[in-house]
Amino acid sequence: MMHAQVRRPPATAAGFATRAIHAGQAFEPTTGAVIPPVYQTSTFVQEHVGGLRGGYEYARGTNPTRDALQELIASLEGGRHGLSFASGLAAEDAVLRGLLAPGQHLLMANDVYGGTHRLADRILARWGVGLSTVEMSDVDAVRAAIRPETRMLWLETPSNPLMKITDIAAVAELGRDRDLVVVVDNTFASPALQTPLALGADVVVHSATKYLGGHSDVLGGLVATGDDEIAEQVGFLQFAAGAVSAPWEAFLTIRGIKTLALRMERHSDNAEAVVRALVDHPAVERVYYPGLPDHPGHAVASRQMRRFGGMVSLALRGGAAAARGFAEATSVFQLAESLGGVESLVNYPAEMTHASVRGTELEVPDDVIRLSVGIEDEADLVADVLQALERLSA
Ligand SMILES: Cc1ncc(COP(=O)(O)O)c(C=O)c1O
């Protein structure tokens with residue numbers, strides 16, 4: 001695909017924070033505007049029939065603002081190709097429908113975002129794609145669950161909401177041996193903390209709505225891959241089905257990504273502080289955080305993640321009533337779905353983000369709370385969770 005403006009290729013040797021600010025972001029050549037413009041246009045003038053300027057024809061196919069974001073995510077994930085969509089689920093849908101055919105089987109982790117499971121279970125299955133779930137952190141279980149018609153392995157690590165850790169390199173190796181496409185949803189870690197393609201995965205997907213956008217003001221989805229054929233197939237779905245990101249959304253996502261490296265450090269610092277406050281608290285049954293030495297995935301997470309991120313889940317001794325009570329008792333942590341923004345959020349998965357998987361193998365225990373730890377002052381966040389726990393016992 002051609003670009004309308006000359007972009008300096010991102011220096012592949014450049015560090016992550018440098019690429020987050022510069023990849024796909026060359027200044028605008030006519031005026032020197034440091035920030036490339038938002039190309040808020042649906043179509044492009046042709047010099048004569050078929051005489052495209054810089055390859056641009058119609059914005060469902062290509063748009064320079066979207067191209068810039070696609071180049072950026074490809075660079076950050078260490079892939080050759082990036083594709084940008086209207087939401088995380090739109091990105092997932094393009095990957096699933098672009099790469100799977102009726103009669104094939106998808107093997108999915110048993111702890112994924114509820115909407116991801118719903119998409120495969122309620123939409124894809126109707127078109128003849130088989131689905132089963134497995135404990136993806138157990139490579140032997142994954143091996144045993146692969147069927148002759150299995151074509152794809154789909155995992156999240158850390159997973160939503162139970163923070164399970166999957167050994168990406170081990171699953172990727174298994175996928176290579178069996179000629180399967182291995183897809184990693186990297187939403188929770190972001191490429192600042194973990195780069196699955198470097199560990200052998202074929203495709204990375206993101207809800208860019210979360211850490212990449214980073215400010216809870218944009219809905220978006222991204223795909224990155226190093227495989228030309230996969231990019232071609234998913235890219236065709238992007239064009240032919242049309243769930244592309246709009247220019248303004250692409251711009252907001254690019255702007256968010258510029259501070260990703262800094263934000264992920266602060267999210268991780270704050271999450272660690274909140275975890276320290278929670279682990280020994282008498283009202284807390286269990287804390288799910290891969291940074292804890294007794295987390296079953298700690299060793300793998302330490303190998304494949306640079307830090308452990310801003311997501312923390314906890315189970316409360318008082319069960320469902322306590323979990324609900326906690327979710328409604330915080331004040332800095334606002335009760336809302338979603339995650340990954342600068343502001344802290346609290347979510348009750350059983351009835352909010354994961355209500356769609358109630359009654360399935362993915363059902364989330366009703367004593368679990370999920371925290372998206374933001375980048376506010378650490379002391380305020382710790383004080384907020386402690387006062388909420390205090391109110392439970394009052
Ligand atoms: C891990 C994960 N993947 C995918 C999605 C779906 O993304 P979106 O809401 O942008 O469609 C979400 C949304 O919460 C998520 O948490």
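Q: Which residue has a backbone N or O atom that lies 2.9 Å from an oxygen atom of the ligand?
A: In this predicted model, the distance runs between a ligand oxygen atom and the backbone of a single residue. With a polar contact taken as a pair of N or O atoms within 3.5 Å, a separation of 2.9 Å qualifies, and the residue that supplies the backbone atom is L89.

Q: Which residues have side-chain N or O atoms at 2.6 Å and 2.8 Å from atoms of the ligand?
A: A nitrogen atom of the ligand is 2.6 Å from an N or O atom in the side chain of D185. An oxygen atom of the ligand is 2.8 Å from an N or O atom in a side chain as well, and that side chain belongs to K210. The residues asked for are therefore, given the 3.5 Å limit for polar contacts, D185 and K210.

Q: What share of the ligand's area does the protein bury?
A: The ligand is surrounded by 14 residues, and the closest of them are G88, D185, S207, T209 and K210. Taken alone, the ligand exposes 390 Å², and the share of this area that the protein buries is 92%.

Q: Which strands stand at the edges of the open sheet?
A: The sheet has 7 strands in the order β1-β7-β6-β5-β4-β2-β3, and their pairing is mixed. A strand with a single partner has one side left without a neighbour in the sheet, so the strands at the edges are β1 (81-85) and β3 (130-134).

Q: By what angle are neighbouring strands of this sheet turned against each other on average?
A: The angle is taken between neighbouring strands of the open sheet whose order is β1-β7-β6-β5-β4-β2-β3. With direction ignored, the average is 20°.

Q: In which sense, parallel or antiparallel, does β6 pair with β5, and in which sense with β7?
A: Strand β5 (residues 181-185) and strand β6 (residues 203-207) are joined over 3 bridges in the parallel sense, with V184 having V204 as its bridge partner and D185 standing opposite V205. On the β7 side there are 5 bridges, and here V203 stands opposite T225 while H206 has L222 as its bridge partner. The pairing of β6 is thus parallel with β5 and, with β7, antiparallel.

Q: How many of the residues of β6 are buried?
A: Both faces of the strand are covered, with V203, V205 and S207 buried on one side and V204 and H206 buried on the other. The strand is largely enclosed by the rest of the structure because its buried residues number 5 of the 5.

Q: Which strand pairs with β1 over 5 bridges?
A: One of the residue pairs involved is L83 with its bridge partner V223. The partner strand is covered on both faces, with G221, V223 and T225 buried on one side and L222 and A224 on the other. The pairing is antiparallel, and the strand is β7.

Q: Which strands does helix α2 touch where it packs on the sheet?
A: Helix α2 covers residues 64-77, and its direction makes about 130° with that of β1. The strands that helix α2 touches are β1, β6 and β7 (221-225).

Q: Is V279 buried, partly exposed or exposed?
A: V279 has its place in helix α9 (residues 260-279), and it touches V287 and L292, not counting residues up to four places away in sequence. The relative accessible area of V279 is 32%; because buried means under 20% and exposed over 50%, V279 is partly exposed.

Terms used
Residues are numbered from 1 along each chain as its sequence is written. This is a predicted model: local features need pLDDT of at least 70, side-chain atom pairs count only at pLDDT 80 or more; totals for chains, interfaces and linings use all residues. Side-chain values use heavy atoms; hydrogens and water are left out. Two strands pair if DSSP finds at least two bridges between them. Helices (H or I, at least four residues) and strands (E, at least two) are DSSP runs, numbered from the N terminus. Axes are lines fitted to C-alpha atoms, for helices over the stretch in contact, and angles run from 0 to 180 degrees between N-to-C directions. Contact means heavy atoms within 4.5 Å. Buried means under 20% relative accessible area, exposed over 50%, partly exposed in between (1.4 Å probe, protein chains only). A residue is near a molecule or strand if one of its heavy atoms lies within 4 Å of it. A polar contact is a pair of N or O atoms within 3.5 Å; within protein, one must be able to donate a hydrogen and the other to accept it, and residues adjacent in sequence count only if both atoms are side-chain atoms. Accessible areas come from the Shrake-Rupley method with a 1.4 Å probe; for residues, only the protein chains shown count as cover.
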